[in-house]
Every structure is written in C-alpha cells, then in structure tokens.
Amino acid sequence: MEKTDPEKKSNATTFVGKTTNADSIIKPTSRKVLRIDRHAIVVGSSKEMPEIPNNSIDVIVTSPPYNIGKRYDPSGEFTDKLPLGEYLDFMGTVFSELRRILNPRGLFFLNIGDSARDQGKSEAVANQAVKSGFIRVQTIIWVKSLYGKGHYTPSGKSRRLNNVWEYIFVFAKSKNYEIDPKRIGIPYADKSNIGRYAKTDLRDPGDVWFIPYQITTGQTIKKGHEAPFPIGLPYLCVKMMPRARFVLDPFLGTGSTLAAAHHLGLIGIGYELFPNTKVIKRRVLETSFEEPQFPLITQLERLKTTGMELLVRLMEQAEDDEKEKAWQTLPTVQRKQFLWALKDLGLLESLVDKFPLSEKEEVLVKKLRQL
Ligand SMILES: C[S@@+](CC[C@H](N)C(=O)[O-])C[C@H]1O[C@@H](n2cnc3c(N)ncnc32)[C@H](O)[C@@H]1O
C-alpha cells in the first residue's frame, strides 16, 4: 500500500475559498469548543447544533451510538441502551439537525451495523433518516474481514455466522448532490475496457468496500475508545465529494472523521459528549495513515500484470517458431492481455507480427495502435 504524500493529499480534494479553519463558520456559543489544528470539536450533544449555520456543511460522515450498551463515558452515566422507540426518536432529532446544516450539493454517510440480537435495527435507523427528510441515495457495504483477512469481533458462536460487514447508508438533501466515484477509483481488470468505457485505467470501485482495521478492536479499546471505524472509511466517503470543504461528524468518538478531513486538506467539525482530547489529537494528527487501496484487488491486478510482463519478456527472447508455438497454446483471454502488455511495454510494433493473430485480435491491435 502506498503512503499518501501530504502534497498529493491537499490536491486530492479541491480546497476552495479563503476559509482556513472551522471558526470561520462556527457561531459564538456558550459550549466548550476544542481546537486541533484547523478543526473544531464542540463538547456537547448533537441533538442541537446551533453553532452550525444552515446549508454550510459539505459532507457528513458518522457512526451513531448503536444502542447496544457500549460504554463511552468514564462515569458510565450515558445510556447506550434506550428502548427502541426512544433511540429512533433520538436519531431522528439529530438527523433533522444534520439535514438543516447540510449543503444541498452534499451527502450524508451513515455507518451502522446490526448486532446479532438486533437484526433489522440498522434499516429502522435508515428509515428514520428518510422520515427526517433525507433522500436515500444508496447503500454501501463496508467489509471488515474477508476470508480471514482483517479483524472483527466474533459474534456468531454456534447460532449464526460471524458478522464481518456493516452498512454505510448514503443520503442526500437534494437531487442536486455531487459525487465523483473515480476519485476513489480502481484499475480495470480487463484493460480492453480502457478506451471503451473510460479514457484512463480508473473505474468506479462499486458499492462494496473492503477496509480492514489496521489493529484489533481490542487494541483500539485499550487505546481509549470502544467503537471507532478505520480512518479509511470516512476518507473514501469524503474523497468522493469533488467540492468538499467542511466535513462534520455529529458523533465524533476518537476523531476518525476529523483525521480523514485532515489528510484530505479539508476542515473538520465534530460533536462529542465525552471527548478524550489526547486520543482525538493523536488520531487526527497521526502521520502513519495509509490511503485504502482496495488491497486484495490491487494485489491480484499487480500479480496478473507481473505474470503477463514475465511472459512477454520470455516470448521476446524466444526463437520465432517457438513464439508461434507458445502463442497457439495461450487461451484467448490471455492472448488479449498479452497484446495489451505488448502495448504497455512499448513492444507492440517490434513483436506483434511474430504472432498469428485472429481477425478479432487484428482489430484489437489496430485499436491499440490508435491509443
Ligand atoms: C459509535 S461511537 C463513534 C465512533 C467514531 N466513528 C470513531 O471512529 O471513533 C459514537 C459516539 O457518539 C458519542 N455520543 C453519544 N451520544 C451523543 C450525542 N447526543 N451527541 C454527541 N455525541 C454523542 C459517544 O460518546 C460515542 O463516542
């Protein structure tokens, strides 16, 4: 995985205007406001956010209290186990505030997962957002662990399979929202699609995201919080938004969303009842963050490309009649990839006439010559 370089990061999202910190939009308040770099954390409940003007926030990313009895405050006074109706009312109150402050071109990403006993609760929370006036855009699935890669808390026991994914519900305030999925794009598996569907080797990654935790959940609890999501989650959500400047999380926890805003050169605002300043500061300013690269896919692609390059190099050195024989044994799909590799390696003109091409392959070569 590539480390993000700070120069590249600040260019990743267009940082528009002269505004340089959160104070430029936060209204005077009697509540305590903590500041970390250009970001701000309002200490208090997000049921009301009078500090934030209407339509001023470009992206919201959050993960609410799941109502499953987690302990977020040192004193243990906070009840993360309300009767369902009360919990949904609480969510509805916050969602109405979020709708008020969201820019009509912005989006609201809501991460939530069903626990073993609360199957269907996430859907009820999503419906509450719709009741608060949001338009449902789509549902992204966040995969924490895939076939053993990535940490998760075992929950299945002998009654069900372990749950290794959560929802990211996507909501808009208006149909005029703006999004550019290619900002988090992945390479094409079939390179022949370049030129057909896109000009570059970059396509929409789809609505299933594999973002494993870098460390175990146990370790994060010891580090100061019960339920953080990986910084990569808000990072991908925010990066897709082409004109974002202000990013907000109404349930900030350890500050993962602020960290994502920070790495993207944007301004973050958070609300938190029990902020642990030391933990948040460390998370926001941590320099070891690595941009998620959809690693399994990228690695597979890289392996395939390396294998094909090796084959091209071997063919390059073979006698002409051996070249022809080897070509006949290659499956059609690999022959197509081979021709693409010739083009990528700058060997198309010097080698292509050594291989007996089918009619379809002749057409492909003609296309490759024009690229
Ligand atoms: C699931 S955690 C969020 C974790 C966060 N996404 C992270 O990566 O660290 C929910 C957070 O909401 C906070 N919280 C609960 N009720 C709140 C309220 N009314 N206003 C603001 N924060 C609240 C809790 O203290 C907890 O830290």
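**Figure 1. Glutamate 290 sits in the loop between helix H7 (277-285) and helix H8 (295-317).** This is a predicted model, and this close-up picks out a single loop residue. With 15 other C-beta atoms within 10 Å, glutamate 290 comes out as partly exposed. Isoleucine 231 is 59 residues away from glutamate 290 in sequence, yet their C-alpha atoms are 9.0 Å apart in space.

**Figure 2. The whole chain holds twelve helices and nine strands.** Here we step back for a moment before zooming in again. The chain has 371 residues, and buried ones make up 31% of them. Take the contacts between residues at least 6 apart in sequence: 73% of these join residues at least 24 apart. As for confidence, the average pLDDT of the chain is 87, and 89% of the residues score at least 70.

**Figure 3. Residues 1-16 keep a pLDDT under 50 throughout.** The model does give this stretch 30 contacts beyond four places in sequence. Still, where pLDDT is low, the predicted coordinates should not be read in detail. So look at this view with that caution in mind.

**Figure 4. Strands S1 (residues 33-36) and S2 run antiparallel, joined by four bridges.** You can follow the pairing residue by residue: arginine 35 stands opposite alanine 40 in S2, and leucine 34 has isoleucine 41 as its bridge partner. Two residues lie between the strands of this hairpin. Aspartate 37 is found in the loop there, between S1 and S2. Its phi is positive, about 50°, although aspartate 37 is not a glycine. Most residues other than glycine have a negative phi. Is aspartate 37 buried or partly exposed? Aspartate 37 is partly exposed, because 15 other C-beta atoms lie within 10 Å, whereas a buried residue needs 20 or more.

**Figure 5. S2 also pairs with strand S9 (residues 267-272), this time in the parallel sense.** Four bridges hold this pairing. Across it, valine 43 stands opposite glutamate 272 in S9. S2 itself (residues 39-43) is mostly covered, with four of its five residues buried.

**Figure 6. Glycine 44 and asparagine 55 are two residues to find in the loop between S2 and S3.** Start with glycine 44, which counts as partly exposed because it has 18 C-beta neighbours inside 10 Å. Which residues does glycine 44 touch, leaving out those up to four places away in sequence? They are Arg31, Tyr271 and Leu273. Arginine 31 is 13 residues from glycine 44 in sequence, and the C-alpha atoms of the two are 7.2 Å apart. Now move along to asparagine 55, which has a positive phi of about 55° although it is not a glycine. Asparagine 55 has 14 other C-beta atoms within 10 Å, so it is partly exposed.

**Figure 7. Strand S3 (residues 57-62) runs parallel to S4.** Five bridges join the two strands. One pair to look for is valine 61 and its bridge partner in S4, phenylalanine 109. S4 (residues 102-112) is mostly covered: of its eleven residues, nine are buried.

**Figure 8. Helix H10 covers residues 332-344 and has the length its residue count predicts.** Why does the length agree? At 1.5 Å a residue, the 13 residues of H10 should span 18 Å, and the C-alpha atoms at its ends are 19 Å apart, so the two values agree. Buried residues in H10 are Gln337, Phe338, Leu339, Trp340, Ala341 and Leu342. In an α-helix there are 3.6 residues a turn, so residues three or four places apart point the same way. After H10 comes glycine 346, whose phi is positive, near 70°.

**Figure 9. The ligand is surrounded by 18 residues.** Which of them are the closest? Tyr72, Pro228, Phe251, Gly253 and Ser256 are. Sorted by class, the shell around the ligand comes to nine nonpolar, seven polar and two charged residues.

Definitions and conventions
Residues numbered from 1 in each chain as written. Predicted model: local features only at pLDDT ≥ 70, side-chain atom pairs only at ≥ 80, totals over all residues. pLDDT = per-residue confidence, 0-100. Contact = placed C-beta atoms within 7 Å. Expected span 1.5 Å × (residues − 1). Buried ≥ 20, exposed ≤ 12 C-beta atoms within 10 Å, placed from the backbone. Near = placed C-beta within 6 Å. Nonpolar A, V, L, I, M, F, W, Y, C, P; charged D, E, K, R; others polar. Pairing = 2+ DSSP bridges.
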